[in-house]
Amino acid sequence: MGGPAGRFLIRRSPCFLEASFVIGIAAMRANSWRRTLRDPALFATVVTLWALLALFILFPLANLLARTFIEGGHFTLANLGAILRDANHRQAFWNSLLLAALVGLCGTILGFLYAFTAVRANLSRAWITVLDAASLLLLISPPFTSAIAMIFSFGARGLITYHLLGIKGFTVYGLHSTLFSETFTYFPIAYLTLKPILHGIDPNVEDMAFSLGSSRWRVFRTVTLPLTIPGLANAFLLLFAASLADFATPLILAGNSFPVLPTQAYLQITGLFDLKGGAVLSFVLLVPALAVYLLQRFWVSRRYYVTITGKVGAQTAIKSVAPWARAPLLCACLLVAGVILYFYALLFYASVVVALGANHAWTWQHYRVIFTEGLKAIHDTLIIGGAGMPLGGLYGILLGYLVAKKIFPGRQAMEIVSMINYALPGTIVGIAYLIAFNDPPLVLTGTALIIVACYVFRYSPTGIRATVALLQQIDPSIEEASESLGASSGTTFRRITLPLILPAFFAGLGVVFIRSMTAISATIFLVSINWTLITVRILENMTELSLGPAAAFSILVVIIVFVVIILISGLLRRFRAAGVVEMTSILGG
Amino acid sequence: MRFVRSWLCWLTVSLVLACVGGWAAAPAVAADTVNAYSIWPENWARPMFEEFEKATGIKVNFVRFSSGEALARVIAEKNNPRVDVLFGGPVETHAAGIKEGVFESYKPPSFAVLPARFKQPDGQWVAIADDPLVFMTNTKFLKENNLKPPASWGDLLNPAYKNMIQMADARTSGTAVTRIFSILEVYGRDENKAFDYMKKLRPNVQLYTKSGGGGTLPVGLGQAGGGIFFIVDALDTKAKGYDVTISFPKDGIGTSAEAIALIKGAKNPAPGKKLIDWSTSAAMQSLFAKYKINFVPAHPDVKIEASLAEVLKGTKIFPIDDVYAGENRKRIVERWVNEVLNLKD
């Protein structure tokens, strides 16, 4: 790092987003075995967790790999070769990468614009709330919402393309609209990643550059931007992964000329009933997904910079944005927020008219439909989400507590394994579960458990990370101090450790619940005659004729999730979340 | 540290208990319910099943899938069936299922009176309705482009339809399979000629939709100019208030029987058979008119509803040969994916 800011930089060990463990010295291994065996409770917990991880993460993944690489008891590359030789599948692979890269690029730019405006443009609180609310809305939405709105706005008879601009026969299906829709859906992730980073750059550093005579552009180019580069890379990779895994948007918007892998794998299985082909396609998707995840986690996220100036407290007025630039920046952001609000207004409108586009008479009919015919889906989803919530919360703090505070063999391996389902695109996880639990010895398809397990093991890593981050914040000496002051270990746990873990518990269960309400890519393979989900019904309604109920379901999901978020953030505030577990980390997962 | 230990224990135990609980909570088999995969959309299947419950006291648990998805599930669950009955769906789906050995023969009381094309000789499936394909176009689109409603398959090749036709994807939809076999029949089962036609039609296709009715809404809204759908979906679109025109090709179009089948190894075979008895009877099929379901009844005793008869008057409709279709379905669909769907322009 050159430039005027260089000397003020230090590299920080990344305890903020990631937990790094500097344990694993060979000499300690034997010792840790002995210690674990001497502590039966710890031993039992470790064994139980490993059993669960093996069952719900490693076993399905092993099944997926076996389908891909083993044929008649022998290792073979023939299945993979057959898929790779197929020009259409190759095309889908490159399309997926292209789409992911473009979404990463556009989403990061948009997210940076948003974050920069929010942090540096001296906005009033009200404006920042507007920006936050618009991005929050996107993060808690069920899939398809922006896709539905896109078709209505930009289709051949779209409100915008046809009625407003008078373009005839505009093709909405393809790369352009998928890119647009995914960029809008995922840019809040970039915003949430970049905002704290920009916030962490002390304006004093920029001030120094100004006082040395730099222009605003030069300061932006040589100070602000270089300091955010790791954050930008991180945001890009997160968006890349999100797009790579997205199944719902391309299913609606990509059309036939732009096939992508998750959609192809889904059609291969549900349409042609080719489990093997689906498994192989998922495996092909697994490679870039894993690569991006490892890159993000072990390389980029370790490269955060903070600025230490020695007089952090004395905030000076932020000068990095010229007064004349403030208005255009705000306008650009508000334009984006306006598009988002328009999408949702359209969605709500679709839910209260008889048939959008044909009969605009006001009706509550669609809501009556979802609360009668759709009641089972709502009921099932709430039960599954409700069951997953405490399980996910418990599992998250248990595993987080173990890897952060206990010494036992295979600790780091446990943490890595627990992250696998989170890192993989949902289509892969769903297909792996379907393959693994469809036949004896363990038949789980058709039960609620398989859906709950899928959600818990896929979305608990947010809770795990939050637990680890919280526990790492306290020096063990605090607990030691408490005990040396005469508190029993019980009191210490109750007064010191428990309040610290509770926010992570709520964050963890919050994520599991929210994703139970909104995720579809994995669980679409797992719904059954006994258990169905709102998101699957939305897709069903969309692909059938019933846009009204689909819109009504979507609005319902947004409302439920919004209420739950308010409840959880209330709880978090009560337990003084110490800035680590903010609502952002609930949603970023 | 004793407290922490017990705390760990407590958490672990509750986690395990909850898992076991979730497992045990899976619903058991009940005597007075039947489980079904319905290929009919929910808004038609539900009233039928409610009427069935009224008539027999047997409750139908069902979930709706496109025909390809439903068949895929039935095959996947062959060793451990989750449902007792596959309800509805064009008969090629059932014909393909026979090859996979997923159905159990059952001949309901109506079996004897049904015409031959409405039953599989061994009773592997029995028809509950008949469903012809139609061309459906957006009336405003026709007017704007000075077009007459398409009256032959060739009319759809008109460049005015470029990028404006939506129809179903053969990978997931039975509607699409019926359509492809209709085209094969029109071309005297000359596969090369039929595929030539489909390739020529490809540039006019805006989107192949996942389900058979998927394109009706876009056509109704004018997002697409027209498409090929089952008559039930087309008339339903019209009934919802969309301004669409229904027409038939003079060179003929296929109709597909909608069938029901008992799943081999069904856990509730007795109520499953009752559902088949009732669905193939005049009792159910005379309810179509009441619920505005525009299927053509399969049972000879049920009169076709007057307005539906009016639509069908003077049209050339031929049945799809289910044996030929069942035998060739997989190969034809694969050829369609490779040559038509992925055609590079």
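Two residues are in contact if their C-beta atoms, placed from the backbone, lie within 7 Å. With that in hand, welcome to these close-up views of a predicted model.

**Figure 1. The two chains, as an overview of the predicted model.** Chain A comprises 25 helices and six strands, and chain B has 13 helices and 12 strands. Of the 589 residues in chain A, 51% count as buried; for the 345 residues of chain B the buried share is 53%. Contacts that reach far along the sequence are plentiful to look for here: in chain A, 81% of the contacts between residues at least 6 apart join residues at least 24 apart. In chain B, residues 24 or more positions apart account for 79% of the contacts with a separation of 6 or more. The C-alpha trace of chain B spans about 85 × 55 × 40 Å along its principal axes.

**Figure 2. Helix α3 of chain B and what covers it.** This helix takes in residues 67-76 and is mostly covered, with eight of its 10 residues buried. The buried residues are B:Ser67, B:Gly68, B:Glu69, B:Ala70, B:Leu71, B:Ala72, B:Arg73 and B:Val74. Their cover includes a helix of the other chain, α12 (261-270) of chain A. Chain B itself contributes elements including β1 (33-38), β3 (85-90), α4 (91-99), α6 (174-186) and β10 (253-263).

**Figure 3. A parallel strand pair in chain B, with its crossover helix.** Strands β1(B) and β2(B), the latter made of residues 59-64, run parallel and are joined by six bridges. If you would like a place to start, find B:Ser38, which stands opposite B:Arg64 in β2(B). Between the two strands, the chain passes through helix α2 (residues 42-56) of chain B, giving a right-handed β-α-β crossover.

**Figure 4. Two helices of chain A packed against each other.** Helix α13 (residues 275-298) and helix α18 (residues 426-436) of chain A have axes 9 Å apart, at an angle of about 145°. The crossing of α13(A) with α18(A) is left-handed. On the α13(A) side, the contact is made by A:Leu275, A:Gly278, A:Ala279, A:Ser282, A:Leu285 and A:Leu286. A:Thr427, A:Ile428, A:Ile431 and A:Ile435 make the contact from α18(A). The contact residues divide into seven nonpolar, three polar and no charged.

A friendly aside on the spacing: residues three or four places apart point the same way, because an α-helix has 3.6 residues a turn.

**Figure 5. Two positive phi values in loops of chain B.** Most residues other than glycine have a negative phi. B:Asn163, which is not a glycine, has a positive phi near 65°. Its loop lies between α5 (139-144) and β6 (165-168) of chain B. B:Asn163 counts as partly exposed because it has 17 C-beta neighbours inside 10 Å. B:Arg189, also not a glycine, has a positive phi of about 60°. The loop that holds B:Arg189 runs between α6 and α7 (191-201) of chain B. With 13 C-beta neighbours inside 10 Å, B:Arg189 counts as partly exposed.

**Figure 6. B:Arg335 and B:Phe195, apart in sequence and in space.** How many residues apart in sequence are B:Arg335 and B:Phe195? They are separated by 140 residues, while their C-alpha atoms are 8.8 Å apart. B:Arg335 lies in helix α13 (residues 322-341) of chain B. This arginine, B:Arg335, has 16 C-beta neighbours inside 10 Å and therefore counts as partly exposed.

Key:
Residues numbered from 1 in each chain as written. Chains lettered and ligands numbered in written order. Predicted model: local features only at pLDDT ≥ 70, side-chain atom pairs only at ≥ 80, totals over all residues. Buried ≥ 20, exposed ≤ 12 C-beta atoms within 10 Å, placed from the backbone. Helix = DSSP H or I, 4+ residues; strand = E, 2+ residues; numbered from the N terminus. Axes fitted to C-alpha atoms, helices over the stretch in contact; angles between N-to-C directions. Left-handed = near helix turned anticlockwise from the far one by under 90°. Nonpolar A, V, L, I, M, F, W, Y, C, P; charged D, E, K, R; others polar. Pairing = 2+ DSSP bridges. Right-handed = clockwise from strand over helix to strand, strands pointing away.
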